[in-house]
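Student: I'd like to learn how to read a protein model. Could you walk me through one?
Tutor: Sure, let's take it feature by feature.

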Amino acid sequence: EYHAFALLCGFGSPLLRLTAMKGVVVGLVGDTGAAKSGALYAAASLFGDPYDLTLSGAKAGATGNALVQWYMGHKNIMMGLDEASNYKPEEISDLFYRMTQGKNKLRLQSSVNAVREIELSASLISVLTSNQSMIDKIVQFKSNPDGELARYLELKISKPPTMNNIEGKEIFDTFRRNYGLAGPVYIQHLLARGGLYQAKMVDGWVQRFYKDVGTDTAYRFYESLISAAFGGGDIANEIKLIDFDLERIYRVVVAQIIANVESSVSNKDYEVVLGDFQNKNQGATLVLKDGRVAREPKSSNIVARVVEDEGMYYVSRSAIRTYLAELQISEKEFVMTMEAKK
C-alpha cells in the first residue's frame, strides 16, 4: 500500500494547489532492498526520466538553497529526493518550511534599498527516501520540532514479500526506457474537464477524511495530502492509467497518519528543559541556606540562585532566554506552560 501511495502522490501533486496547503512531504523510510527508490522512481516517471527528475541526496553537492531552487523549478510536479539522510538536519528543517510556504527566500537588491522581484510560487507534494528517520534527524537539530513534523508524513516501508533480484529488475529497469507517457495524458484530461471537476474530485476525499479522522488542525497538512493524492488516484483510475484499490490504500495510510499524530511526542517537558539548564550552569549557581552562602559559584558570571529555605530556583532572564533560543523554544510558551504547572 505504501509503494502504491507514492505513485498516487505523483498524480496528486498537480492537484495540491486546490487544497489549503502549498506543500507537504512524504518520507519512505526503510532498510536497503525495501524498494523505496523504486516507488519514488515510479511516481517521478509520470512526467519524465525519473533518474533525472530525482535528486540523489547530498552526494550531488546540493546545498539547502539549491534544494529550495530545485523545489521552485518543479512548480506542481512531484519532487523526489532519494537518500535524503545525507542532508544536514537544518537543511531538511528549512526545506520543510519552504515547501509548505510555496515561496522562495526573500532577497534585497544590492544596488538600491528595495526587495527583488518575487519569483513564481510552487505547490507540490515531495516524496523522499531514507534509511534513517527524518523525525530523529530533525529532533537532533530542534528541541521542539512540531512545526516540521506537522508538515511531514513518515511511512516505514518494508520489503515486498515476493521481491527478489529478478522481480526487482523486471519492474524497475522498465523506468529506464519507459517514462513521461502517463503524465501528459493525465494533465490533458484535467484541462479538458476543467477546474470544477478537479475541485470536486479533491473535495470528495476532504469530506471522507473529515468523517474518518475529524477536523482537528493537527491533521490539516495530512488532509491536503490525502485529498490531493486520492483525488488524483480517482482520476487516474477513471481514465485507466492505473487500476488501484484506493479504498484499501486509503485505510492503511490514514491508519498510519492517526498513529503518527497520536504518538508524536515532542520535547515539551519544560521541567526537563529547566533541569538541563540547571545542570549546565551548576558552576554559575549561588546556593543559599539559612540566610548564608551554602555553596559559592565557581564562575564569576552568576546566572542562577538557589534558596533552599524557600524551595526556589531563580534564574537570570537573559541567560534562560539565550538557552531557550538555542533550543528554538518559544520563551512565551515556556513561561505559560511553567506557570500553568505552578
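Tutor: Let's begin with polar contacts: a polar contact is a pair of N or O atoms within 3.5 Å; within protein, one must be able to donate a hydrogen and the other to accept it, and residues adjacent in sequence count only if both atoms are side-chain atoms. Here, the side chains of H189 and E238 make one at 3.3 Å. Keep in mind that this is a predicted model, where local features need pLDDT of at least 70, side-chain atom pairs count only at pLDDT 80 or more, and totals for chains, interfaces and linings use all residues. Residues are numbered from 1 along each chain as its sequence is written, and side-chain values use heavy atoms, with hydrogens and water left out.

Student: Where is H189 found?
Tutor: Helices (H or I, at least four residues) and strands (E, at least two) are DSSP runs, numbered from the N terminus. H189 sits in helix 9, residues 182–193.

Student: Is H189 buried or exposed?
Tutor: Buried means under 20% relative accessible area, exposed over 50%, and partly exposed in between (1.4 Å probe, protein chains only). H189 has 16% relative accessibility, so it counts as buried.

Student: Which residues is H189 in contact with?
Tutor: Contact means heavy atoms within 4.5 Å. Setting aside neighbours within four places in sequence, H189 touches Y197, I235, E238 and I239.

Student: Y197 turns up again in helix 10, right? What should that helix span?
Tutor: The expected span of a helix is 1.5 Å times one less than its number of residues. Helix 10 (residues 195–213) has 19 residues, so it should span 27 Å, and its end C-alpha atoms are indeed 27 Å apart. Its buried residues include Y197, W205 and F209. Just after the helix, G214 takes a positive phi of about 110 degrees.

Student: In what order do the strands of the sheet lie?
Tutor: Two strands pair if DSSP finds at least two bridges between them. In this model, 5 strands form an open sheet with parallel pairing, in the order 2-3-4-1-5. Strand 2 (54–56) and strand 5 (152–156) are at the edges with a single partner strand each, so one side of each lacks a neighbour in the sheet.

Student: How many bridges join strand 1 to strand 4?
Tutor: Strand 1 (residues 23–29) and strand 4 (residues 124–130) run parallel and are joined by 7 bridges. Look for L28, which stands opposite T129 in strand 4.
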